[in-house]
Structure formats: structure tokens, C-alpha cells
Amino acid sequence: MNPKYKRLLILFLILSILGVATKLVLMALEENIIYFYTPNELKKKYGNVKNVENKIRIGGLVLEDSVVISKNESIFEITDKKDNIKVFFKGQLPDLFREGQGIVAEGILKDNKLIANQVLAKHDENYMPPEVADALIKSGVWQGEKKK
Amino acid sequence: MFDLLANPNRFKKITNKLEPSLLVISLLFIIFGLYFSLFDSPKDYQQGDAVRIMYVHVPSAWLASFLYLSLAISSIFYLVWKHPLADLISSSIAPIGALFSILTLITGSLWGKPMWGTWWVWDARLTSMLILFFFYLGFILLHNAFERKVDGSKSASVLAIIGIINLPIIKFSVDWWHTLHQPASILKFDGPSIDNQMLLPLTLMIIGFGLFSLYLIIVNVKTKLIEKKCEALILKLNLKELL
């Protein structure tokens with residue numbers, strides 16, 4: 001065989017083996033790669049366990065009408081439309097925090113409630129000017145995120 | 001066909017004509033792109049003015065990935081077809097790609113703080129982008145690490161090819177796993193989810209960055225060709241003195 005094609009074939013073989021190996025590693029490590037669980041996934045993973053000492057992250061939408069912000073603590077619920085989890089947080093909430101917004105909260109699980117030490121906002125992949133967003137919501141094409 | 005492009009003299013002939021116009025056109029794209037990004041595009045309904053970081057962040061990220069693909073392809077040409085010019089092209093691409101990947105990480109960090117509330121998280125998208133930066137660094141280091149230049153070129157090329165596996169991970173990380181980073185807005189099946197007024201400056205910036213990198217790569221390759229010529233001349237002179 002022409003040495004050029006031999007080299008090409010070897011490269012191709014090595015790459016495919018590496019590709020498969022990487023895929024397997026990533027599958028095995030999936031639990032460590034995902035950045036957060038949704039409330040429903042958390043329930044599946046821990047079942048009836050109510051206290052988790054290790055830090056976990058829970059992501060989802062801030063449940064509408066669940067937010068109570070007092071002077072030194074914010075309480076709200078994270079939902080994935082299947083399950084909800086109540087979150088207690090004492091720090092500064094991010095600017096994008098509002099009802100219906102995607103967020104990720106990190107903390108420990110205590111009695112099925114998350115005592116968070118960090119709350120991060122997750123924004124979506126839609127980019128548009130405010131007027132367009134208003135028009136879309138008005139015409140009913142798009143539900144949108146609830147305004148502050 | 002590849003032999004046609006692999007001839008250094010022909011390469012110089014073609015690029016000499018391209019070079020000045022590439023510089024002018026790419027700068028025009030970047031100037032207009034920046035004007036639209038900063039002054040003549042709407043605020044985002046959620047993010048306000050902070051969305052303008054996107055016009056540098058996204059083009060940098062695309063270029064960082066695209067240049068890596070080019071680096072890997074020219075490394076394959078070097079290893080399989082043994083074209084010396086391919087190695088010059090790879091080593092010319094690497095520093096520019098490294099620059100764009102660090103630019104992506106920095107602008108992303110500056111964007112993350114006001115929007116997410118953190119400079120950095122170890123989610124799949126951010127981590128795989130950091131790994132891309134390390135692959136670039138590894139290529140540059142390996143390329144210069146050997147006494148015999150050929151050894152450096154060969155091992156760096158192998159590293160570049162292995163790194164291809166990281167590219168789909170970067171692209172699809174936001175779909176395969178839960179990440180803090182939002183999913184794709186432009187390259188997705190149901191069309192871009194970004195307003196046209198914002199897509200315009202973004203497109204201008206992507207084209208501008210792309211053409212400007214091509215210009216930089218050409219300048220880099222030409223410099224390296226001259227360097228090689230000088231080395232050869234010095235070698236010749238030394239030989240004559242010995243005789």
C-alpha cells in the first residue's frame with residue numbers, strides 16, 4: 001500500500017479509537033459533568049433521602065408567586081414543572097433573578113429544602129430588543145419571561 | 001492538487017496579491033461591526049447593554065474553534081503528505097487561535113459576572129473551552145521543545161489531531177449536559193433565536209475576525225518562509241568558510 005494512505009489509515013484508526021474511548025469516559029463521568037440536577041432528577045437520584053451533606057446544585061425555573069424576600073433571607077421555589085424544591089438563601093441575588101427565570105442554586109439539602117450558599121442566574125438563548133419581546137408577548141406568540 | 005498549493009513560491013505569489021486587500025476589508029468589517037455593536041444595535045430585553053459583550057465573545061469563540069479545526073487539518077497534511085509548508089501553516093495558526101481562545105475566556109468571564117453572578121464555573125462548556133486553550137498552548141510548547149525541529153513539528157501535529165475530539169464536545173456540551181452556559185442561538189436546527197438587528201453586527205464581527213486572522217496567518221507564514229531562507233543561507237556561508 002502507498003505509505004501516504006497507510007499513514008492516513010493509521011491516523012483515522014487512532015482517531016476513531018480515541019473518539020470511542022472519550023465517549024465512554026464521558027458517559028461514565030456524566031454525573032460529574034452535569035452542572036446541576038433538576039428537582040425531578042434529584043428526586044430520582046436520592047429517592048427519599050432528605051438530607052445531603054455534600055454540596056449539590058439544583059437548577060430550574062423560579063416558581064411563580066413563590067418568592068419571599070425579607071431583609072436577611074430570600075425564600076423561593078425552584079421548579080422543573082414536575083417537582084419543586086424550596087430554597088433558602090441569605091446572600092445577594094443576581095440581577096437577572098425574577099419569577100420564571102432559570103437559575104442554579106448551590107447548597108446542602110436539609111429536610112428536603114436547599115440551604116443555598118450561592119444562587120446563579122441562567123439566561124436563555126433568545127436575544128431580542130425589549131420592544132420585540134413586548135410585541136411577541138402581546139400578540140401571544142411567545143409567553144416570555146415574567147418581568148421584574 | 002495539494003502539490004499545487006504546497007509550492008512556497010506559488011503560495012507567495014497568490015498571497016502577495018491577497019494580503020493588502022485582506023487587511024483593508026477585514027478592518028472595514030471590524031470597524032463597521034464595532035460601530036453597530038456599540039452604538040447602533042438594540043439593548044437586550046433581559047440583559048440590557050451587557051449583551052454587547054456578545055459581539056466580541058461569540059466571534060472569538062467561533063474563530064478559536066474554527067482555527068483549531070484548520071490547525072488539525074494542516075497537521076494531518078503535514079503528517080500524511082509531509083508537506084513542510086503545512087507545518088509552517090500549523091505553527092502560524094496556533095498563536096492566533098490561542099489568542100482567540102483566551103479572549104473568549106476573558107470576555108466570557110466579564111459577561112458572566114454581571115449576568116450569572118460569577119466569573120467562572122466548572123460547567124462543561126467553560127471547561128472544554130479552557131481545554132481548547134491548553135491544546136493550543138501544548139501545540140506551541142511541543143513545537144519548540146526539541147533540538148531537531150522535525151521532532152517538534154511531528155509531535156505537535158499529533159497533539160493537534162488528538163485535540164479534534166474536543167471540538168464536538170465544546171459545540172454540543174450545552175445540549176448533552178446541564179450547563180450554566182445557555183445553548184446555541186445561531187447554529188441550531190430551527191434557525192437562529194436572535195433578533196436580526198443583533199445578528200447584523202455579530203455577522204460583521206465574525207467575518208471581520210475571520211478575514212483578519214487569515215491576514216495574520218499569511219503574514220506569519222511569509223515571515224517563517226523568510227526565516228527558513230535565512231537559515232539556509234547562513235548554512236551555505238558557513239560551509240563555504242569551512243571549505
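The legends below accompany close-up views of a predicted model, beginning with chain B as a whole and ending with single residues in loops.

**View 1. Chain B is built from eight helices and contains zero strands.** Read from the N terminus, the elements of chain B follow the order α-α-α-α-α-α-α-α. Taken along the principal axes, the C-alpha atoms of chain B fill a box of roughly 75 × 35 × 30 Å. Of the 243 residues in chain B, 39% are buried. Among contacts in chain B with a separation of 6 or more, 75% are between residues 24 or more positions apart.

**View 2. Helix 5 of chain B, residues 124–143, has the span expected for its length.** The helix has 20 residues, which at 1.5 Å a residue should span 28 Å, and this agrees with the 28 Å that separates its end C-alpha atoms. The buried residues in helix 5 of chain B include B:A124, B:R125, B:L126, B:S128 and B:M129 towards the start of the list, and B:L132, B:F133, B:F135, B:Y136, B:F139 and B:H143 in the remainder of it. An α-helix has 3.6 residues a turn, so residues three or four places apart point the same way. Within chain B, the buried residues of helix 5 pack against helix 3, helix 4, helix 6 and helix 7 (166–176), and they also pack against helix 2 (30–33) of chain A.

**View 3. Helix 4 of chain B packs on helix 5 of chain B, with axes that come within 9 Å.** The two axes cross at roughly 150°, and because angles over 145 degrees count as roughly antiparallel, helix 4 of chain B is described as roughly antiparallel to helix 5 of chain B. The crossing in which helix 4 of chain B passes helix 5 of chain B is left-handed. On the side of helix 4 of chain B, the residues that take part are B:S91, B:A94, B:P95, B:G97, B:A98, B:S101, B:I102, B:T104 and B:L105, and they meet B:M129, B:L130, B:L132, B:F133, B:Y136, B:L137, B:F139, B:I140 and B:H143 in helix 5 of chain B. Sorted by class, this contact has 13 nonpolar and five polar residues, with no charged residues.

**View 4. Helix 5 of chain B also packs on helix 7 of chain B, with the axes 8 Å apart.** The angle between them is about 160°, which makes helix 5 of chain B roughly antiparallel to helix 7 of chain B. This crossing, too, is left-handed. From helix 5 of chain B come B:A124, B:R125, B:S128, B:M129, B:I131, B:L132 and B:F135, which meet B:N166, B:I169, B:I170, B:S173 and B:V174 in helix 7 of chain B. The contact of helix 5 with helix 7 of chain B has eight nonpolar, three polar and one charged residues.

**View 5. Chain A and chain B meet in a contact that takes 31 residues from chain A and 36 residues from chain B.** On the side of chain B that touches chain A, at least two residues each are supplied by helix 3 (54–81), helix 4 (84–115), helix 6 (149–162) and helix 8 (196–242) of chain B. Helix 3 of chain B gives the largest share of that side, four residues. By class, the residues of the side of chain B that touches chain A comprise 22 nonpolar, ten polar and four charged.

**View 6. A:H123 lies in the loop between strand 6 and helix 4 (130–138) of chain A.** With 23 other C-beta atoms within 10 Å, A:H123 is buried. Leaving aside residues up to four places away in sequence, A:H123 touches A:L96 in its own chain, and B:Q46, B:Q47, B:M115 and B:Q182 in chain B. From A:H123 to A:L8 the C-alpha to C-alpha separation is 44 Å, with the two positions 115 residues apart in sequence numbering.

**View 7. A:D111 and B:K82 are loop residues, found respectively between strand 5 (102–110) and strand 6 (113–122) of chain A and between helix 3 and helix 4 of chain B.** A:D111 has a positive phi of about 55° although it is not a glycine, and A:D111 counts as exposed, having 8 C-beta neighbours inside 10 Å. B:K82, which is not a glycine either, has a positive phi of about 60°. With 15 other C-beta atoms within 10 Å, B:K82 is partly exposed.

Key. Residues numbered from 1 in each chain as written. Chains lettered and ligands numbered in written order. Predicted model: local features only at pLDDT ≥ 70, side-chain atom pairs only at ≥ 80, totals over all residues. Contact = placed C-beta atoms within 7 Å. Nonpolar A, V, L, I, M, F, W, Y, C, P; charged D, E, K, R; others polar. Buried ≥ 20, exposed ≤ 12 C-beta atoms within 10 Å, placed from the backbone. Expected span 1.5 Å × (residues − 1). Axes fitted to C-alpha atoms, helices over the stretch in contact; angles between N-to-C directions. Parallel < 35°, antiparallel > 145°, perpendicular 65-115°, else oblique. Left-handed = near helix turned anticlockwise from the far one by under 90°.
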